[in-house]
Amino acid sequence: MAAKKRPLVILTHALPPDWIKELEEKTRLVIGPEGGEGLTQELESNLHQAEGLLTLLMDPVKEDLLENAPQLKVVSNMAVGVDNIDISTCTERGIPVGHTPGILTAGTADLTLALLLSVARRIPEARADAQAGEWNSWNPTGWLGTDLKGATAGIVGMGKIGSAVARRLKPFGVDLIFTNRSPKPDLEEALEAEQVPYSEIVPRSDFLCLHVPLTEETHHMIDRDTLRKMKESAILINVARGPVVDTDALVTALRENWIRAAGLDVTDPEPLPPEHPLYELENCLITPHIGSATHHTRRNMASIASQNLFAGLENRKLAHCVNPEVYD
Ligand code: DGY
């Protein structure tokens, strides 16, 4: 009996061989380049036969691509966010879409705290000044920052990551307020936090931390008007998605000191080109979308993405599916 041909799978971006061992064994894998974005010509030429697509968060999976992939049984995104994927078209075509929630919660929450503390205590500026020879004595008025104790931290989006950030912030003695689409009385009680309307969290927060997915509703949620309503001493932290913040408005707000500073792990555009004005601002700390960048987390993201992909190829339900209605 002829052995069953392994399904063709496109992996858009090269990953370490030991992260994709099982993928290599179970599928015919066509792999894109490291550092690539979207499908290369070579990957595109394989689309018509591909049964599985394993993508990263910057790979657009839209109608045109899906049109050219008539055999596609599953799209598996190695990310929790799926704003790069046209979910409704996938659903219409009967294609389940997988993602990797949970595993990156701790890493992303840790990075949020790292950014918040670094910006609050002006660590990048202090380091740069010291290296530039401006550390001349112990300066009683030099590099003064913001205390966490007694400050109000506002969490926008109290999902897995938002609540993990809140839990980490609590022991610092902050007052916690948050917004969420649905009421969260359990978290209000457990964290002694107050759920407030969006219009209230903005003017009350000393630290405003964004943990919402990118949707039509959250696009430019932080715009000129919002920035104008923040405290002058406030610090904005974005580890969610760049377009949640209107970048031009943020540049103005930081330049003109409408707010004190920002810590951004995500930007719009992304990657942020080296000549971008945000880099010139001392009160803006930028990291290149590294919220989930730990060895443990990234390896596990690859593993969950692979398991979602195998389930789709074998017509089983995906463990982490963003469009479960596809099974109705
Ligand atoms: C995600 O998975 O959506 C994150 O942004 C990756 O760090």
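These legends go with a set of close-up views of a predicted model.

**View 1. Here is the ligand with its neighbours.**
Who sits around the ligand? The residues there are Leu57, Ala79, Val80, Gly81, Leu104, Arg241, His289, Ser292 and Met301. Look for three polar contacts with ligand oxygen atoms. In one of them, a polar side-chain atom of Arg241 lies 2.7 Å from an oxygen atom of the ligand. His289 also uses its side chain: a polar atom there is 2.8 Å from an oxygen atom of the ligand. Gly81 does the job with its backbone, where a polar atom sits 2.9 Å from an oxygen atom of the ligand.

**View 2. Now for helix α11 and its buried face.**
Helix α11 covers residues 247–255, and its buried residues are Thr247, Ala249, Leu250, Val251, Ala253 and Leu254. In an α-helix there are 3.6 residues a turn, so residues three or four places apart point the same way. What do the buried residues of α11 pack against? Their partners are helix α10 (224–229) plus three strands, β10 (235–238), β11 (261–264) and β12 (284–286). Check both ends of α11 while you're here. Asp246 caps the N-terminal end, with a side-chain oxygen 3.2 Å from the backbone nitrogen of Asp248. After the helix comes Asn257, which has a positive phi, near 55°.

**View 3. This one zooms in on a cavity.**
Rolling a probe the size of a water molecule over the atoms shows where empty space is left. How many cavities of 30 Å³ or more does the count give? The count comes to 1, and the largest cavity holds about 40 Å³ of space. Its lining is made up of Asn238, Gly242, Val245, Thr247, Leu250, Leu264, Val266, Thr267, Asp268 and Leu278. Sorted by class, that lining has 5 nonpolar, 4 polar and 1 charged residues. You've already met two of these lining residues, Thr247 and Leu250, among the buried residues of α11.

**View 4. Next up is the second largest pocket, with Leu285 beside its centre.**
The second largest pocket has a volume of about 160 Å³. It is lined by 14 residues, and the ones closest to its centre are Pro124, Glu125, Glu282, Cys284 and Leu285. Which elements give two or more residues to this lining? They are α5 (105–120), α6 (123–131), β11 and β12. By class, the lining divides into 9 nonpolar, 2 polar and 3 charged residues. Pick out Leu285, which belongs to strand β12. Leaving out residues up to four places away in sequence, Leu285 touches Leu115, Ser118, Val119, Pro124, Ala262, Gly263 and Leu264. For a sense of scale, Leu285 and Val156 are 20 Å apart in space, C-alpha to C-alpha, and 129 residues apart in sequence.

**View 5. Two neighbours, Ala151 and Thr152, share this close-up.**
Ala151 lies in the loop between α6 and β6, while Thr152 is in strand β6 (residues 152–156). Is Ala151 buried or exposed? Ala151 counts as buried because its relative accessibility is 6%, under the 20% cut-off. Thr152 is buried too, at 13% relative accessibility. Setting aside residues within four places in sequence, Ala151 is in contact with Val174, Asp175, Asp206 and Phe207. Thr152, by the same kind of count, touches Asp175, Ile177, Arg204, Ser205, Asp206 and Phe207. Ala151 is 42 residues from Ala109 in sequence, and their C-alpha atoms are 19 Å apart.

**View 6. Finally, a few backbone oddities to hunt for.**
Start with the loop between β11 and β12, where you'll find Pro269 and Pro271. A cis peptide bond joins Asp268 to Pro269, with omega at about 10°. Another cis bond links Glu270 and Pro271, and here omega is about 0°. Then move to Trp143, in the loop between α6 and β6. Trp143 isn't a glycine, yet its phi is positive, at about 50°. With a relative accessible area of 27%, Trp143 is partly exposed. Glu192 has a positive phi as well, near 45°, and sits in the loop between α8 (185–190) and β8 (194–195). Is Glu192 buried or exposed? Glu192 counts as exposed because its relative accessibility is 64%, over the 50% cut-off.

Conventions. Residues numbered from 1 in each chain as written. Predicted model: local features only at pLDDT ≥ 70, side-chain atom pairs only at ≥ 80, totals over all residues. Heavy atoms only, no water. 1 Å grid on protein atoms, 1.4 Å probe; cavity = no way out; pocket = protein on both sides within 12 Å on 5 of 7 lines; lining within 4 Å. Points joined across faces, edges and corners; volume = space filled by probe spheres on them. Nonpolar A, V, L, I, M, F, W, Y, C, P; charged D, E, K, R; others polar. Buried < 20%, exposed > 50% of the residue type's maximum accessible area, 1.4 Å probe, protein only. Helix = DSSP H or I, 4+ residues; strand = E, 2+ residues; numbered from the N terminus. Contact = heavy atoms within 4.5 Å. Polar contact = N/O pair within 3.5 Å; in protein donor to acceptor, adjacent residues only side chain to side chain. Near = heavy atom within 4 Å.
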